[in-house]
Amino acid sequence: MSFETVMKKTRLAAFADGELSPEEAAEVVMHLADHPEDQAYVDALMVASETLAEAFSGPMNEPVPKAIEQAILGNGPTAQIVPFRRRPAVWVGTALAASVAAALVAVPLAFSPNPSGDDLAVGLVKPGSYLARTLDTLPSGTPETVGEGREVMILATLPVDGGYCREIEVIDQTADRIDLGVACRRNAGWNVEVTLSEPLSATGTEDGFVAASGAEVQGLQPFLDRLGTGVALDPVSEADAIAKGWSR
Amino acid sequence: MTDRFRQDLVATVPKLRRFALSLTGNAADADDLVQSACVKALKNAEQFREGTRMDSWMYRIIQTLWIDDRRRAKTRGAAIDPEDAGLSDGGKSARLPEDRMMLGLARKAMATLPEKQRAALSLVAIEGLSYKETAQVLDVPVGTVMSRLARAREALMPQLGLTKGALQ
């Protein structure tokens, strides 16, 4: 039988998680004294948290694995680390799959134009175009509808030497297609460095878009690594970069 | 990059491995994930701001790598091996058989949660981050953290036997 509480469960959870101010917590304590069913829920929350902490506590009592320590400290032969996991090949147009590891290849993408006439295609982004404006001003994680069944979103902004790169994603529900591009700006203007694509139905996204931090299409990471991109900017840093017109 | 940065990073590894274990459900993948995150952190050390929490910065990197990998792998559901997950201490940290059973249930239950809920619950319940810190790591509003926590707990608590009747 699941819990039914008088006070909102999120409030009780905030209490159990230590999120409330002393005054707020005191109010909850007084409430709990008169509502045993809510007290039982708080007790269960605390038991669950303690159990989880215990269940995964093993690493806290173990020495740092040698491979990880050497990777950090830089001594020993294991300092050269292989990628987290081998990434399978991905359908990238038709020409790229065979040469995905060879070089940063510019691949024109058969991307149907959006209503404003812009293409997400490798090469210089036309100044003043919809794509240029999107890259200039749209914050990461903000989906924008650009036509029936089509949405654009910037996934992340990544610093590179002398400028920035932005991952841009276009989802076309009608065409069952997801397109991803990386556009970089080092001096003036954006240049789309690479584009990838796959059927939307194959991506398994939960809510239509991938996380702001990541690339959905398999195989993009080697290009980002090759570009030397850093960790994605946090929202504040990104807003600052937008406000400064991407000058570094 | 300073030696201090590297030493601080080594010092956070136990917590990073705990977080990674709660996400991946098995020790080998957890260590792969932590190692990749450390390499990424070293490459981008100049982005770390002195005076901020290194563990939170690393949680963010780990979570990002893990979500990316999960989506690329197109895998869903539990990859957890309860025996493997328990390898770290062999369940010795639990004194009683029922405690060990409870810990096994917790590992299994965690693996059944959707990734976003799992990450939020791990950061709050295991790593002890505040809602605000968790929101920063996951790059979502605090309200989203709260709703993910609520859904995660609704799913998890019955699996642990924590029901209204059980506590009465």
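Which residue in the turn of the hairpin formed by β2(A) and β3(A) has a positive phi? In this predicted model, that residue is A:G149, with a phi of about 75 degrees. Two residues lie between the strands of this hairpin. Strand β2 covers residues 144-147 of chain A, and three bridges tie it to β3(A). The two strands run antiparallel. Within this pairing, A:G147 faces A:R150 of β3(A).

A further hairpin follows along the chain. β3(A) and β4(A) are linked by two residues. In this turn A:G162 has a positive phi, of about 85 degrees. Strand β4 spans residues 163-172 of chain A and is joined to β3(A) by 10 bridges. The pairing is again antiparallel. A:V160 stands opposite A:G163 of β4(A).

Strand β3 comprises residues 150-160 of chain A. Eight of its 11 residues are buried, so the strand is largely enclosed by the rest of the structure. In general, side chains in a regular strand alternate between the two faces of the sheet.

These hairpins belong to an open sheet of six strands in chain A. The order across the sheet is β1-β6-β5-β4-β3-β2, with antiparallel pairing. β1 (123-124) and β2 of chain A occupy the edges. Each has a single partner strand, so one side of each is left without a neighbour in the sheet. At the β1 edge, two bridges connect β1(A) to strand β6 (residues 191-199) of chain A, in the antiparallel sense. A:L124 has A:N191 in β6(A) as its bridge partner.

The sheet sits within a mixed chain. Chain A contains seven helices and six strands. Along the sequence the pattern is α-α-α-α-β-α-β-β-β-β-β-α-α. Of the 248 residues of chain A, 34% count as buried. Among its contacts between residues at least 6 apart in sequence, 52% join residues at least 24 apart.

Helix α5 (residues 130-137) of chain A packs through one face. A:L131, A:T134 and A:L135 are the buried residues here. Seen down the axis of α5(A), the buried residues fall within an arc of 95 degrees, so they line one face of the helix. Their cover includes β3, β4 and β5 (177-185) of chain A.

A:R185 lies in strand β5 of chain A. It counts as buried because it has 23 C-beta neighbours inside 10 Å, the cut-off for a buried residue being 20 or more. Leaving aside residues up to four places away in sequence, A:R185 touches A:G163, A:Y164, A:W190 and A:W246. A:G163 is also the residue opposite A:V160 in the strand pairing. A:R185 and A:D136 are 49 residues apart along the chain, yet their C-alpha atoms are separated by 9.7 Å.

The largest nonpolar core holds 93 residues. The members touching the most other members are B:A20, B:V34, B:A37, B:C38, B:I62 and B:A120. From chain A, this core draws at least three residues from each of domain 1 (1-81) and domain 2 (97-243). Which residues does B:A37 touch, not counting residues up to four places away in sequence? They are B:L16, B:M58, B:I61, B:I62 and B:L65. One of these, B:I62, is itself among the core members with the most contacts to other members.

Confidence varies along both chains. Chain A averages a pLDDT of 74, and 72% of its residues score at least 70. Over residues 76-117 of chain A, pLDDT is below 50, although the stretch has 81 contacts in the model beyond near neighbours in sequence. Residues 204-218 of chain A also stay under 50, with 51 contacts beyond four places in sequence. In chain A, confidence is highest in helix α1 (residues 9-16), at 95, and lowest in helix α6 (residues 221-227), at a mean of 71. Chain B has a mean pLDDT of 84, with 80% of its residues at 70 or more. Its residues 74-95 stay under 50, and the model gives them 40 contacts beyond four places in sequence. Where pLDDT is low, predicted coordinates should not be read in detail. For the complex, the predictor gives an ipTM of 0.81 and a pTM of 0.56.

Technical notes: Residues numbered from 1 in each chain as written. Chains lettered and ligands numbered in written order. Core = buried A, V, L, I, M, F, W, Y, C linked by C-beta atoms within 7 Å. Buried ≥ 20, exposed ≤ 12 C-beta atoms within 10 Å, placed from the backbone. Domains from an automatic or database assignment. Contact = placed C-beta atoms within 7 Å. Helix = DSSP H or I, 4+ residues; strand = E, 2+ residues; numbered from the N terminus. Pairing = 2+ DSSP bridges. pLDDT = per-residue confidence, 0-100. Arc of directions from axis to C-beta.
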